[in-house]
Structures are given as structure tokens and as C-alpha cells.
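Biologist: I'd like a close look at one part of this model, and then a walk outward from there. Could you take it slowly and keep it chatty?

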Amino acid sequence: MYRYIHAIVLLLAAATALAETPEDRLDAAGYTLPEPTKPVAVYVTRVRTGNLLFLSGHGECGALDDITKGKVGRDLTVAEGKASAEKVGLCMLATIKDELGELSRVKRFVRILGMVNATEEFTAHPQVINGFSELMVVAFGEDGKAARAAVGMASLPSNIAVEIEAIVELHDD
Amino acid sequence: MYRYIHAIVLLLAAATALAETPEDRLDAAGYTLPEPTKPVAVYVTRVRTGNLLFLSGHGECGALDDITKGKVGRDLTVAEGKASAEKVGLCMLATIKDELGELSRVKRFVRILGMVNATEEFTAHPQVINGFSELMVVAFGEDGKAARAAVGMASLPSNIAVEIEAIVELHDD
Amino acid sequence: MYRYIHAIVLLLAAATALAETPEDRLDAAGYTLPEPTKPVAVYVTRVRTGNLLFLSGHGECGALDDITKGKVGRDLTVAEGKASAEKVGLCMLATIKDELGELSRVKRFVRILGMVNATEEFTAHPQVINGFSELMVVAFGEDGKAARAAVGMASLPSNIAVEIEAIVELHDD
């Protein structure tokens, strides 16, 4: 019996070692990227200048009816806000992959502004935005950690719970 | 009669084709740039580093008494907020022209943060900030579209309705 | 008597002329840098890319119990908010020095986002954030003035009064 468990552990370890791309690591952790989002107003979802990629403020991808809405601290718990931030991260990764073809072209996350639709009394913005940042660590390791601000907004478009914008550094071509 | 209309249409098309600079296009659309704004505190209205120009958070140019004030969604309609965002855009263009001499030195808008003085329940931030973005499309075409966030602030300086900061990429010298 | 005063004035002027580094100027003005802050969530306090240094949203350094908390305009006066912004500046300078070794490697402040934990009616955000900006002028002169936005947030982490993020340009190596 032990022999079989040992073999399975070895196989899992080998699989992890082989999971070399961010896409592999996301897949191994059970994540699936959504379809990239389309602009809903007069903007673009990203702009590349030099080796920096600027990402628009992203909400969750998907139909507006399915997106987490409401104020964290009143309509939503911290855990629900964090789950939304993770979905925002998946949506942003879909945009990055759409731009670059391969996520491995990301050198590192440089800066994120994590905006929480929050009450005046809310204080746990970092825990909410960790939902996004922990996902980026799954994909990119330590390079997924950005200079960051995680703050409370009076209101967000369509009353979405979380919106995050980012600057990502790319590997030289 | 048709002959005259046809001639006028041809003349207008020719005028548009000749309107090659952003200044010409703004002028043809009936816009006039205000005097550039002066800092009202310890900052500068823009900083250039490499081929990126960072613009301070801009409100409307002009005397404080004449600037649109109040919360969008309570004191101001979406249309009034959008009109303010357009004036903010004119004010920022005045700063950019003051820095560069010619707006044609702008390669593209990279990123804007559109901050709406909004109620907790407000949801139409993108429509408000479109007032700014549509102006930039008049001036720069598709290059006027930035990576963007359009969000609701608890309060803004002097209770102005809209404040927008930006990063613009410049053509190489 | 006049002779002695004259001598003291000359000595002070000489001391100022010798105070060539930002560290010297801060010291001469009576400021002491705190220990650099540690990340309290999944982020890093700064990221360098090219000759730009991106600083995370900084609050005051120190134990959470000692940090200024509350809403400016309700729990705190403008002067108290401004004093907090100055401490945020000292905390950010500690991070910059930790990264660069010497503050003289800073070429200039490029952009800051000054976030005030403010009521809906608050209007004096620039005066609050001047506490940060005036400190940077002490350290770096005119190069301490950034493109800036100073705005009101619905809420900030742990109910801190002021949070500021920044982009700083570095001298070439």
C-alpha cells in the first residue's frame, strides 16, 4: 500500500516540476482562464509601451448578471470579496494572454491598484485584494507580487465589488 | 440645388482631410483649449520621464467659481458629469500642448484614472469619463483610447465633480 | 554682540551649504527616518523596472497602534491629516533608502497618488497631502515635486488616515 502512495507522491512531484509555464501552474491548481473581456466604453483593455503593459481597471469577466456586485462590509463578506478579486485576476490573465500569446512573457507584476467597493467603515481591503495577488503568485511565483495599494472606493461601475488595474513588466523580445 | 449640396459636402470632406493635426481636428469640432492650469499646491502639472509624460490629476481649467462642483448622482446628472469630464480633457490638452508645443508629438494615451465625485450608489462612471475619452478620440483617433479605470471617489478637492490623471506616450524626438 | 550673531549666521549658512545629500538636508531639518516597513499582505513594498521605482501605497511606519487613524474632516483636522502625510513621507523615504542605499540616487519624484481617508464633504485634500510633498521638497528640492492627485477615499486599510503611492525616477547607474 505504502508503495503505491509513494509512487503517486513521486508522480505528483514530477508533474509539478514539469508544470513549468504559468498556464501549466494555473491548470494544475484547477484554474481556467475565461474569454478576454471587451471594452464597454471608450477605452482599450491594455496598452503596451516599451516593456511595460498597462492593464485597464478589470472587473470579473463574464455577463454582468453573473459578476459579484455590492459593497464589501455590507452586502458581501471579506471572503466573498476575496473570491471576486481572484476572478478579477483570472479575467486580467485572460487579457494578458490575449496580448502576449504566452503568460511566460511576463517578467513580473510591477504595480496594482486594488479598488474595493467598500463601506466607510471597512478596514480589510488587503485581505480582499489578496485574492488577486495569491493567484498571481500561483502563476508567477514571487514575480507575481507587485507594489500595491488596496483601498476603498465610494462606488464602482455597475456596482461591481472589486476592480483592479495593473502594470506588468515584460521580458525583452 | 443638389449641385450646391454636393459641392458643400466635397468642401467639408476636403477640409477634414486637411485637418491633419490634433489642433486642427479639435478646432474643426468646435473646441478651444483654455489657458494651462497652474499648480494650487506643492506639485507640478506634469513630469516627463523618457518618452512618458505623467499628468497630474486635472480638474476643469478656469476660476474655481466656474468649475463644475458636486456629487454626480445627487447634485449633478450623468450628462453634467460627462460635460465636466470633457472640460477636464480640454484642460489636460492645454497642459500637454504647453509641455510639447504641438499635440502631434503625442503617440498615444497609455493610461487614465477617471475619478468621479460620486455617491455610494452611483454606477455610471464609464459614461461620465467617456466625456474625456471621446474628446481624446477627436484629437488622436484610436490612439486617444487609453487603458482606463473610471471609479467613484468619496470626495475630491474643492468638491469638483471630476478629476482625471493620465500617462501619455510621446513620439521619439 | 553683533559679531557673535554674525559668526553664528555664517556657520549656519556654511553648514547648510555642506548639507549636500538628501539625508543631510533631512537631518538638518530635524527629521529621522524610521525602520522600513514590511509588507502586511501579498505584495512587495517596491518594484524597480528600468530607471523607475514603483512604491506601494505607504501608510505611516510603525506599530499599528501608533499610526494616525480616522477620517479627516470628522475624526481628524486638516493639520492632523497633514502631519500624518508627513510621516507617510518619512516611511516611504525609508523604503527608498532601503532599496537604493543613498537617497541621492533619486533623480526626481514622477507621480504620487495621495489618498485621504475622508468624509464625503471633505474638500482640503491638497493641504493634507502637502505634508508629504513639502517633506520631499526638503529632501530633493524642486525635484521632490511630482505630478500628483490628492483625493478622498471611502475607506483605507485598518482605518489609517493617509495612504500614498509613488513613482520615482532614478539616476542612471
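Biologist: My pick is C:Ser158: is C:Ser158 buried, partly exposed or exposed, and what is its relative accessibility?

Modeller: Keep in mind that this is a predicted model. C:Ser158 comes out as partly exposed, because its relative accessibility is 31%, and the cut-offs put buried under 20% and exposed over 50%. You'll find C:Ser158 in the loop that runs between strand 4 and strand 5 of chain C. Its backbone deserves a glance too: phi of C:Ser158 is near 55°, which is a positive value in a residue that isn't glycine. Most residues other than glycine have a negative phi.

Now hop over to chain B. B:Ser158 also has a phi near 55°, again positive and again not in a glycine. Its place is the loop between strand 4 (147-153) and strand 5 (162-170) of chain B. With a relative accessible area of 30%, B:Ser158 is partly exposed.

From that loop, let's move to where chain C meets chain B. Chain C brings 29 residues to this contact and chain B brings 26. Together they bury about 2100 Å², and carbon and sulfur atoms give 62% of that area. On the chain C side, the residues losing the most area to chain B are C:Arg111, C:Glu120 and C:Arg148, which together make up 25% of what that side buries. One of those three, C:Arg111, also forms a salt bridge with B:Glu165, with the closest N and O atoms 2.4 Å apart. The rule finds one salt bridge across this interface. It also finds 13 residue pairs in polar contact there, counting pairs with both residues at pLDDT 80 or more.

Which elements of chain C do the touching? Strand 3 (106-117), helix 4 (125-140), strand 4 (147-153) and strand 5 (162-170) each supply at least two residues to the side facing chain B. Strand 4 of chain C gives the most, with seven residues. Sorted by type, the chain C side has 16 nonpolar residues, six polar and seven charged.

Next, the contact between chain A and chain B. Here chain A puts in 26 residues and chain B puts in 29. The buried area is about 2100 Å², with carbon and sulfur atoms giving 63% of it. Within chain A, the trio A:Val42, A:Phe54 and A:Ser155 supplies 26% of the area that chain A buries against chain B, more than any other three residues. The rule finds one salt bridge across this interface. A:Glu165 forms a salt bridge with B:Arg111, and the closest N and O atoms are 2.4 Å apart. As for polar contacts between chain A and chain B, there are 14 residue pairs, with both partners at pLDDT 80 or more.

On the chain A side, the elements giving two or more residues to the contact with chain B are strand 1 (46-49), strand 2 (52-58), strand 3 (106-117) and strand 5 (162-170). That side of chain A splits into twelve nonpolar, six polar and eight charged residues.

While we're on chain A, here's its overall layout. Chain A has four helices and five strands, and along the sequence they follow the pattern α-α-β-β-α-β-α-β-β. Of its 173 residues, 53% are buried. Among chain A contacts with a separation of 6 or more, 81% are between residues 24 or more positions apart. Chain A exposes about 7500 Å², and 55% of that comes from carbon and sulfur atoms.

One last stop takes us back to chain C, this time looking toward chain A. C:Thr49 sits in strand 1 (residues 46-49) of chain C. C:Thr49 counts as buried because its relative accessibility is 6%, and the buried class takes values under 20%. If you leave aside neighbours within four places in sequence, C:Thr49 is in contact with A:Leu52, A:Val110, A:Glu169 and C:Phe54. With A:Glu169 there is also a polar contact: the side chains of C:Thr49 and A:Glu169 are joined at 3.1 Å. So, to put the two chain C residues side by side: C:Ser158 is partly exposed at 31% relative accessibility, while C:Thr49 is buried at 6%.

Definitions and conventions
Residues numbered from 1 in each chain as written. Chains lettered and ligands numbered in written order. Predicted model: local features only at pLDDT ≥ 70, side-chain atom pairs only at ≥ 80, totals over all residues. Heavy atoms only, no water. Buried < 20%, exposed > 50% of the residue type's maximum accessible area, 1.4 Å probe, protein only. Polar contact = N/O pair within 3.5 Å; in protein donor to acceptor, adjacent residues only side chain to side chain. Contact = heavy atoms within 4.5 Å. Areas by Shrake-Rupley, 256 points an atom, 1.4 Å probe, with all protein chains shown as cover. Buried area = accessible area lost by both parts, 1.4 Å probe. Salt bridge = Lys/Arg side-chain N within 4 Å of Asp/Glu carboxyl O. Nonpolar A, V, L, I, M, F, W, Y, C, P; charged D, E, K, R; others polar.
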